[in-house]
Structure formats: C-alpha cells, structure tokens
Amino acid sequence: MRDVSASAPGKLMLLGEHAVVYGYPCIVSTVNKRISVTVKKTLNKQAFSDSIYVMTSVRMFIEKYHSGSSFSITTSSDFSPTLGLGSSSAVTVATLKALTAYFDIALSEKEIFDLALKVVRKIHREASGFDVAAAVYGGTIYYKIERPVEKLPERKMPLLVVYSGIKADTSTLVNQVARQKKYNPAKVNNIFSQIGDLVKMACDAYNKFDWSRLGMLFNKNHQLLVELGVSSEKLNALVETAIKSGAYGAKLSGAGGGDCIIVLYKNNQKEKLIKVLTNSGGQILDVL
Ligand code: PMV
C-alpha cells in the first residue's frame with residue numbers, strides 16, 4: 001500500500017442556518033482553506049488521532065469495509081478550528097477520502113457524503129450535514145436534508161468574512177432552538193418558514209448577481225436569527241456597523257453566539273468597511 005493524502009475545504013454558511021436542521025433549505029459555500037489528511041503504512045501500529053472526527057471516521061470506515069492493516073494518520077489544517085469554518089466536517093471528509101484511496105475502494109461523492117454524515121451524526125445527532133455537503137461537493141450549494149445537493153453557478157461575491165473573536169458553541173445553540181421549538185412551536189415554525197422562503201429568493205438573487213437584493217435578504221435573515229435568540233451583542237454590533245457604513249447587507253454565519261459575520265459590500269466600500277469593522281473589534285479573514 002502506498003502512502004496517500006487527501007484534503008477537503010472548510011465552509012461558510014451563507015443563509016438558512018438553524019432552519020436547515022428542520023428540513024428547510026440553506027445556501028453554503030466553501031472557503032479557500034483546507035484540511036489535509038495523510039494515511040501511511042506502519043508496522044504494528046493502530047491509527048491514532050486526538051480528533052474524535054478522525055477516530056470515528058476510521059472506526060466506521062473499517063467497520064463498513066472490513067479493511068484492516070496498520071497505518072498511521074496525520075492531519076494538517078490551513079485554518080484554526082476556532083473560527084467556525086467547518087473544520088470538523090472537512091477533517092471527516094478528508095479522512096474518509098484518504099482511507100478510500102489508501103485501501104483502493106472507489107466511492108462516489110454521494111457515498112462519501114453518506115458515510116461522512118453518519119460519522120458527524122454519531123458525534124452530533126442533530127447535525128443537518130450542510131457542512132459535510134460543502135466539504136464533499138465544493139463550490140456554492142443549495143442544501144436540504146435528504147435531497148440531492150444542488151450546485152449553484154460560480155459567482156464571485158463581494159463578501160467579507162469577519163470573525164467576532166468569540167467561539168460559538170453549535171450544540172448548545174441547536175439544543176436551545178429545539179427547546180424553544182418545543183415550547184413555542186408557532187413562533188419558531190413561523191421564523192423557519194420565513195427563512196425557508198428567503199433562502200429561495202436568495203438563490204435567485206445570487207444567480208442574477210443581484211447583490212443589493214441578496215444583501216437585503218442577509219439583513220432579513222439576520223433579523224430572524226435575532227428573533228430566534230441565537231445572535232449576540234457582539235454579532236449584532238458588527239452587523240449594525242456594516243449596515244450603517246453602507247454595506248448591501250450583513251448577517252451572522254453559522255450557529256450564532258459567536259464565530260463570524262458575513263458582509264456583502266458595494267464595490268467602492270471594501271476598504272472603509274475593513275477599517276470600521278476592525279475598529280469595532282472584528283477580525284477580517286482572508287478565506288475567499
Ligand atoms: O456552527 P456552524 O458554523 O457549524 O453552523 C451550524 C449551523 C446549524 O444550522 C445551526 C446546525 C446544522 O447542523 O445545520
């Protein structure tokens with residue numbers, strides 16, 4: 001067996017977070033940062049990694065394909081796992097791709113996706129899999145649970161990614177929304193259905209390069225996430241700063257509570273926005 005490496009990209013949620021867990025669509029894009037995994041032949045050594053995603057991928061892969069032998073597994077990443085850019089799904093997909101290449105098992109993208117989703121759901125039962133889809137298929141994707149992934153055409157969006165400096169806790173926020181949905185289903189279902197509708201409109205705006213309309217939909221999506229109770233003072237302050245400084249629109253990206261906001265800017269505004277957002281405590285990430 002020869003040594004092999006494989007990689008997968010991180011992701012950026014554009015619109016539709018939380019609602020996607022309940023069967024509504026979302027739009028997700030990949031970033032230009034990746035995680036690589038290398039599988040090497042060793043003598044009498046069981047693969048070990050301190051990543052639960054790598055270890056669960058190895059275990060489930062071996063269970064499914066009855067492939068044994070001793071190998072080592074190492075990972076390297078272009079980005080920090082604290083940014084909320086999908087390091088867990090990227091490392092899971094990269095591990096499975098490296099293992100299939102190492103054991104010479106030909107799997108389709110759909111088969112890799114299905115297995116990677118099983119791995120991720122072993123660790124987070126409620127995960128929608130949008131980040132796994134991005135890591136497997138790449139590009140910009142319209143994603144809905146249990147539906148074939150729809151790849152959107154490539155568009156260079158005028159987008160800034162701004163880290164809030166705070167790490168989001170996805171599981172806690174997803175559980176918080178689930179509790180809220182249980183106690184106030186009418187309110188939460190109404191928010192989700194509005195998010196679902198605006199994701200569809202966002203697809204159309206994206207396809208037509210209509211950044212002004214897409215920005216408006218970012219703002220509306222952010223407001224609905226505020227109503228859902230998943231935003232934070234810091235995220236709201238960054239979003240407000242961006243909008244007040246003339247951006248087309250801005251919203252939190254991901255589970256909320258922290259991680260990043262995304263900002264759609266008008267052509268001549270980029271430098272100004274970088275300045276005001278940095279002065280407001282945001283960190284501009286070079287990931288697109
Ligand atoms: O926290 P992130 O960036 O992994 O995004 C979570 C998105 C949710 O919709 C809240 C959860 C999910 O699995 O889709």
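**Entry 1: Phe209**

I started with Phe209, which is partly exposed, with a relative accessible area of 46%. A note to myself before going on: this is a predicted model. I then looked up where Phe209 sits, and found it in the loop between helix H6 (185-207) and helix H7 (211-228). Its backbone caught my eye, too: Phe209 is not a glycine, yet its phi is positive, about 55°. As a reminder, most residues other than glycine have a negative phi.

**Entry 2: His18**

I went on to His18, which also is not a glycine and has a positive phi, about 70°. I traced His18 to the loop between S1 and S2. Is His18 buried or exposed? I looked up its relative accessible area and read 5%. The cut-off for buried is under 20%, so His18 counts as buried. Phe209, by contrast, is partly exposed at 46%.

**Entry 3: the largest pocket**

Next I turned to empty space. A probe the size of a water molecule, rolled over the atoms, shows where such space is left. For the largest pocket I noted a volume of about 840 Å³. I wanted to know which residues lie nearest its centre. They are Tyr53, Gly86, Ser88, Asp131 and Thr170, out of 40 lining residues. I then went through the elements that give two or more residues to this lining: strand S1 (4-15), strand S3 (71-77), helix H2 (87-102), helix H4 (130-137) and helix H5 (170-183). H2 provides the largest share, 4 residues. Sorting the lining of the largest pocket by class, I got 17 polar, 15 nonpolar and 8 charged residues.

**Entry 4: the second largest pocket**

I gave the second largest pocket the same treatment. It holds about 470 Å³ of space. Its lining is made up of 23 residues, and the ones closest to the centre are Arg155, Lys156, Met157, Val287 and Leu288. Which elements supply at least two residues of this lining? I listed strand S2 (26-41), strand S6 (159-163), helix H9 (270-279) and strand S9 (283-285). S2 gives the most, with 4 residues. By class, I noted 13 nonpolar residues in the lining of the second largest pocket, along with 5 polar and 5 charged ones.

**Entry 5: to keep in mind at the screen**

When I open the model again, I will start from Tyr53, Gly86, Ser88, Asp131 and Thr170 to find the centre of the largest pocket. For the second largest pocket, I will start from residues including Arg155 and Leu288. For the loops, my two bookmarks are His18, between S1 and S2, and Phe209, between H6 and H7.

Terms used. Residues are numbered from 1 along each chain as its sequence is written. This is a predicted model: local features need pLDDT of at least 70, side-chain atom pairs count only at pLDDT 80 or more; totals for chains, interfaces and linings use all residues. Side-chain values use heavy atoms; hydrogens and water are left out. On a 1 Å grid over the protein atoms alone, a cavity is a set of points where a 1.4 Å probe fits but cannot get out, and a pocket is an open set with protein on both sides within 12 Å along at least five of seven lines; lining residues have an atom within 4 Å of a point. Grid points are joined across faces, edges and corners, and a volume is the space filled by probe spheres set on the points. Ala, Val, Leu, Ile, Met, Phe, Trp, Tyr, Cys and Pro count as nonpolar, Asp, Glu, Lys and Arg as charged, and the others, Gly among them, as polar. Buried means under 20% relative accessible area, exposed over 50%, partly exposed in between (1.4 Å probe, protein chains only).
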